[in-house]
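Me: I'm new to this one, so could you walk me through it and tell me how each label is earned?

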Amino acid sequence: MLGWLQDLISFQREIYLAFADQIAAFSKGGGWSAFLLYLPMGILFGAAHALTPGHSKTILATYLAGSPLGLLRGLTVSLALSFTHVTMSVLIALLSLPLVSLSFGSIGRAPMLEDVSRGLLGLIGLWMLYRAFRHTGHKHDRSEGMMVGFMAGLIPCPLTLFVMTFAISRGVPQAGVAFAVTMMMGVALVLSVVAAATVLFRQSMVHLIENRAVLLDRITRTIEGIAGITLTAIALRELLR
């Protein structure tokens, strides 16, 4: 497992360095042609990056396991997460917000946004717990999934921030934005697979017991309660770290 992770990190590094060279060449008047030819590699870079630990995959899977969202809406949540995750880095770099930590150990992070994201996810976890243990029936707001995707994605992508900062320092922010778009596609691809697998597994389990209404209700509430506890615990652990 460790060797696989190291290979993945090495693969990311090779693409990142190659992109740095492409951005440098573009800034020196290389034009769009050569840069656009290499740009699709950003999709592989984003996918490889999303496969490494983090990127809210656990949060995404936990939420979808405890919610009744179907496949299409589950994929929408993953896309919202991917879009917010990458876009926040682009906006921070372009607008030079004072949210980026410049301390040596935290380059490429936005601690304030990270705390906001974790706090909001903790509230979602508590809300899921409340719904799981109250005795009356309840409806799930369809917009809730989008909110979860947005909240989880508030933590900016550090590698996108690095690339954007490098591109801006070279005077070609448009090259950084183009890279961010392709990288977002790769991240969305991986998170969509996670979302689809979670929703399909949950639906298959529900199908097995769909004729037992009382048992299904108890299991549904239990899963939602576990998801709520997990989201709350993750938020508290990260806030108190």
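Reply: Sure, starting with a term: contact means heavy atoms within 4.5 Å. With that rule, residues 24 or more positions apart account for 81% of the chain's contacts with a separation of 6 or more.

Me: Where do these values come from?

Reply: This is a predicted model, where local features need pLDDT of at least 70 and side-chain atom pairs count only at pLDDT 80 or more, while totals for chains, interfaces and linings use all residues. Residues are numbered from 1 along each chain as its sequence is written, and side-chain values use heavy atoms, with hydrogens and water left out.

Me: What makes a stretch a helix here, and how many are there in the chain?

Reply: Helices (H or I, at least four residues) and strands (E, at least two) are DSSP runs, numbered from the N terminus. By that rule the chain has 10 helices and zero strands, and its pattern along the sequence reads α-α-α-α-α-α-α-α-α-α.

Me: How much of the chain is buried, and what does the word mean?

Reply: Buried means under 20% relative accessible area, exposed means over 50%, and partly exposed is in between (1.4 Å probe, protein chains only). Of the 241 residues in the chain, 45% are buried. As for the surface, areas come from the Shrake-Rupley method with a 1.4 Å probe, and for residues only the protein chains shown count as cover. The chain exposes about 12700 Å², with carbon and sulfur atoms supplying 70% of it.

Me: Why is Gly149 called buried, or is it exposed?

Reply: Gly149 has a relative accessible area of 0%, so it counts as buried. This glycine sits in helix α7 and touches Val77, Ala80, Leu81 and Thr84, leaving out residues up to four places away in sequence. Gly149 and His85 are 64 residues apart in sequence, yet 9.1 Å apart in space, C-alpha to C-alpha.

Me: And how do you class Val177, buried or exposed?

Reply: Neither: its relative accessible area is 31%, so Val177 is partly exposed. Val177 belongs to helix α9. Apart from neighbours within four places in sequence, Val177 is in contact with Val90, Leu94 and Met164.

Me: What about Ile43 and Ala227, buried or exposed?

Reply: Ile43 has 31% relative accessibility, so it counts as partly exposed, whereas Ala227 has 3% and therefore counts as buried. Ile43 lies in helix α3, and Ala227 in helix α10. Setting aside neighbours within four places in sequence, Ile43 is in contact with Thr182, Met185 and Gly186.

Me: Why is α4 said to be largely enclosed?

Reply: Seven of the 10 residues of α4 are buried, so the rest of the structure largely encloses it. Those residues are Lys57, Ile59, Leu60, Thr62, Tyr63, Leu64 and Gly66.

Me: What makes a group of residues a nonpolar core?

Reply: The group has to be a set of buried Ala, Val, Leu, Ile, Met, Phe, Trp, Tyr and Cys residues joined through side-chain atoms within 4.5 Å. The largest one has 20 residues, and Leu60 and Leu64 touch the most other members. At least two residues each come from α3 (41-51), α4 (57-66), α5 (71-95), α7 (143-153), α9 (173-208) and α10 (213-240). The biggest giver to this core is α9, with five residues. There is also a second, separate core of 16 residues, including Ile15, Ile23, Phe35 and Phe45.

Me: How do you know that α5 is roughly parallel to α7?

Reply: Axes are lines fitted to C-alpha atoms, for helices over the stretch in contact, and angles run from 0 to 180 degrees between N-to-C directions. Angles under 35 degrees count as roughly parallel, over 145 as roughly antiparallel, 65 to 115 as roughly perpendicular and the rest as oblique. The axes of α5 and α7 are 7 Å apart, at an angle of about 30 degrees. That makes α5 roughly parallel to α7.

Me: And which label fits α5 and α8?

Reply: The axes of α5 and helix α8 (residues 158-169) cross at roughly 30 degrees and come within 9 Å. So α5 is roughly parallel to α8. Where they meet, Val86, Ser89, Val90, Ile92, Ala93 and Leu94 of α5 contact Thr160, Leu161, Met164 and Ile168 of α8.
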